[in-house]
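Take a moment to look over the sequence and the fold before reading on. We'll walk through a couple of helices and then stop at a single residue.

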Amino acid sequence: MPLSAPKSPRQRVHTRRIEVEGFRRDDGLLELEACLRDVKDLDYPIASGVRRAGDPVHEMRVRITIDAAFNILDAEACSDWVPYPGGCDTIGPAYRQLIGLNLVRGFRRTVGEMFADVRGCSHVTELLLSLPTAAIQTFATFRRDNEDNGEKPFQLDRCHALDTGSETVRRYYPKWYRTPGGGG
């Protein structure tokens with residue numbers, strides 16, 4: 001169901017786009033490339049000068065390489081458009097600290113702690129928070145979502161619709177359905 005119609009006439013003045021692409025490398029590893037871009041629809045005066053309408057205020061990019069267990073093997077970050085050149089665009093190398101983390105075991109909490117405040121860029125850090133689910137979707141490309149390999153499917157009990165006591169699980173994953181509040 002779509003959002004309801006706006007209650008009053010309005011003019012768009014800002015757009016933030018977050019895009020994440022997943023790639024399978026020839027060596028079997030996966031890479032995620034992500035970009036966060038903020039654009040104003042009006043000329044935007046900032047301390048470093050006027051940013052013309054349509055030119056990005058922010059354009060941050062991240063690339064991580066992961067293995068099949070979601071371990072980060074390599075990481076790179078850069079800032080192509082920033083409001084404060086010579087400042088914002090120098091933090092990229094700090095994000096090499098992502099190497100060794102796991103995308104699906106405490107990643108968001110750890111990233112929040114590692115890059116809080118002045119230890120990171122708030123925009124790059126926000127972009128990173130999109131990576132765990134994008135990685136899961138990238139891996140999902142190569143397997144059927146309800147494939148029965150004897151192990152509970154990864155996605156079950158990770159969102160409202162896929163609660164093992166839900167009608168959705170009863171219908172699509174009957175082996176893993178559990179009566180709400182009771183046994184199986």
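A residue counts as buried here when its relative accessible area is under 20%. Keep in mind that this is a predicted model.

Let's start with helix α3, which covers residues 131-140. Which of its residues are buried? They are Leu 131, Pro 132, Ala 134, Ala 135, Thr 138 and Phe 139. Around the axis they take up an arc of only 165 degrees, so they sit on the same side of α3. And what do these buried residues pack against? Their partners are three strands, β1 (14-24), β2 (30-40) and β5 (56-66), along with the helices α1 and α2 (122-128).

Now hop over to α1, which spans 107-114. Here Phe 107, Thr 110 and Val 111 are buried. Looking down the axis of α1, you'd find its buried residues within an arc of 100 degrees, which means they line one face of the helix. The buried residues of α1 pack against β6, α2 and α3.

Our last stop is Asn 102, in the loop between β6 (72-81) and α1. Is Asn 102 buried or exposed? Its relative accessible area is 6%, and because the cut-off for buried is under 20%, Asn 102 is buried. Its side chain has polar company, too: it makes a polar contact with the side chain of Asn 71 at 3.0 Å, and it reaches the backbone nitrogen of Arg 105 at 3.2 Å. Leaving aside residues up to four places away in sequence, Asn 102 touches Ala 69, Phe 70, Asn 71 and Phe 107. You've already met Phe 107 as one of the buried residues of α1.

Notes: Residues numbered from 1 in each chain as written. Predicted model: local features only at pLDDT ≥ 70, side-chain atom pairs only at ≥ 80, totals over all residues. Heavy atoms only, no water. Helix = DSSP H or I, 4+ residues; strand = E, 2+ residues; numbered from the N terminus. Buried < 20%, exposed > 50% of the residue type's maximum accessible area, 1.4 Å probe, protein only. Polar contact = N/O pair within 3.5 Å; in protein donor to acceptor, adjacent residues only side chain to side chain. Contact = heavy atoms within 4.5 Å. Arc of directions from axis to C-beta.
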